[in-house]
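Me: Please take a close look at the site that holds the ligand. I want its contacts, its surroundings and the pocket it belongs to.

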Amino acid sequence: MTDCIFCRIIAGEIPSDKIYEDDEVVAFLDIAPVNPGHVLVIPKAHYPDLLVLPEQLTVQLVMVAQKIAPAIITGVGAAGFNLTLNNGVVAGQAVGHVHLHLIPRFKDDGRELWSGQPYPAGEAAVVAEKIRKQL
Ligand code: 5GP
Ligand code: ZN
């Protein structure tokens with residue numbers, strides 16, 4: 001028996017409120033939603049994070065999110081949504097089975113996003129070059 005919570009949900013060992021399923025992808029309600037209708041979109045196959053997810057499944061995952069988003073929006077009466085992925089423990093990934101969060105947003109729901117800070121002068125070019133050199 002796997003100790004991956006999401007693999008156990010897929011196997012039916014842990015109940016979930018499933019809203020979508022195809023051969024490769026499942027979507028179900030997050031047990032602790034940021035807002036009502038918060039859905040997790042996951043591949044049926046176990047991949048720990050986005051960096052090891054095969055391209056075809058990455059495409060499939062996003063396509064499913066795109067397909068079900070209107071139903072979620074209309075279903076819960078939301079005005080928009082955030083599509084997020086926490087990659088790595090430091091980024092807040094608690095479950096090591098890659099998943100997209102589709103979070104419905106409501107006007108004035110108070111779910112503030114991070115605020116950014118401008119780079120000090122010249123720093124953006126340095127950072128961009130560091131990244132380009134790794135590609
Ligand atoms: P992460 O922090 O890894 O990006 O997100 C994991 C998400 O999985 C959390 O939002 C958490 O509420 C949800 N979650 C954890 N355990 C369960 C579970 O047993 N069932 C469901 N439906 N969601 C879960
Ligand atoms: Zn898993």
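Reply: What follows covers the ligand site, then the pockets.

This is a predicted model. Start with the shell. There are 16 residues around ligand 1. Those that come nearest are Asp-30, Gly-92, Ala-94, His-99 and His-101.

Next, the polar contacts. The side chain of Asp-30 has an N or O atom 2.5 Å from an oxygen atom of ligand 1. Asn-86 also uses its side chain: one of its N or O atoms is 2.9 Å from an oxygen atom of the ligand. With Val-95 the backbone takes part instead. A backbone N or O atom of Val-95 is 2.9 Å from a ligand oxygen atom.

How much of the ligand's accessible area does the protein cover? On its own, ligand 1 has 520 Å² of accessible area, and the protein covers 82% of that.

Now the elements behind the shell. Two of them, α1 (5-10) and β2 (25-29), give two or more residues each. The top contributor is α1, with 3 residues. Sorted by class, the shell has 10 nonpolar residues, 5 polar ones and 1 charged one.

On to the pocket. Ligand 1 takes up the space of the second largest pocket. About 320 Å³ of space lies there. Its lining counts 19 residues. Nearest the centre of this pocket are Phe-6, Phe-28, Asp-30, Ile-31 and Leu-40. Asp-30 thus appears twice: it is among the residues that come nearest to ligand 1, and it is among those nearest the pocket centre.

The lining draws on familiar elements. Both α1 and β2 supply at least two residues to it. The largest share, 3 residues, is from α1. By class, the lining of this pocket splits into 11 nonpolar, 6 polar and 2 charged residues.

Which pocket is the largest, then, and what lines it? The largest pocket holds about 370 Å³ of space. It is lined by 13 residues, and Val-34, Thr-84, Ile-103, Leu-113 and Trp-114 are the closest to its centre. Here β4 (80-84) and β5 (100-105) are the elements that give two or more residues. The most come from β5, with 3 residues. The classes in this lining are 4 nonpolar, 5 polar and 4 charged.

To put the site together: ligand 1 sits in the second largest pocket, with α1 giving the most residues to the shell around the ligand. Its oxygen atoms have N or O partners in the side chain of Asp-30, in the side chain of Asn-86 and in the backbone of Val-95.

Methods. Residues are numbered from 1 along each chain as its sequence is written. Chains are lettered from A and ligands numbered from 1 in the order in which they are written. This is a predicted model: local features need pLDDT of at least 70, side-chain atom pairs count only at pLDDT 80 or more; totals for chains, interfaces and linings use all residues. Side-chain values use heavy atoms; hydrogens and water are left out. A residue is near a molecule or strand if one of its heavy atoms lies within 4 Å of it. A polar contact is a pair of N or O atoms within 3.5 Å; within protein, one must be able to donate a hydrogen and the other to accept it, and residues adjacent in sequence count only if both atoms are side-chain atoms. Accessible areas come from the Shrake-Rupley method with a 1.4 Å probe; for residues, only the protein chains shown count as cover. On a 1 Å grid over the protein atoms alone, a cavity is a set of points where a 1.4 Å probe fits but cannot get out, and a pocket is an open set with protein on both sides within 12 Å along at least five of seven lines; lining residues have an atom within 4 Å of a point. A molecule sits in a cavity or pocket if more than half of its atoms lie within 2 Å of its grid points. Helices (H or I, at least four residues) and strands (E, at least two) are DSSP runs, numbered from the N terminus. Ala, Val, Leu, Ile, Met, Phe, Trp, Tyr, Cys and Pro count as nonpolar, Asp, Glu, Lys and Arg as charged, and the others, Gly among them, as polar. Grid points are joined across faces, edges and corners, and a volume is the space filled by probe spheres set on the points.
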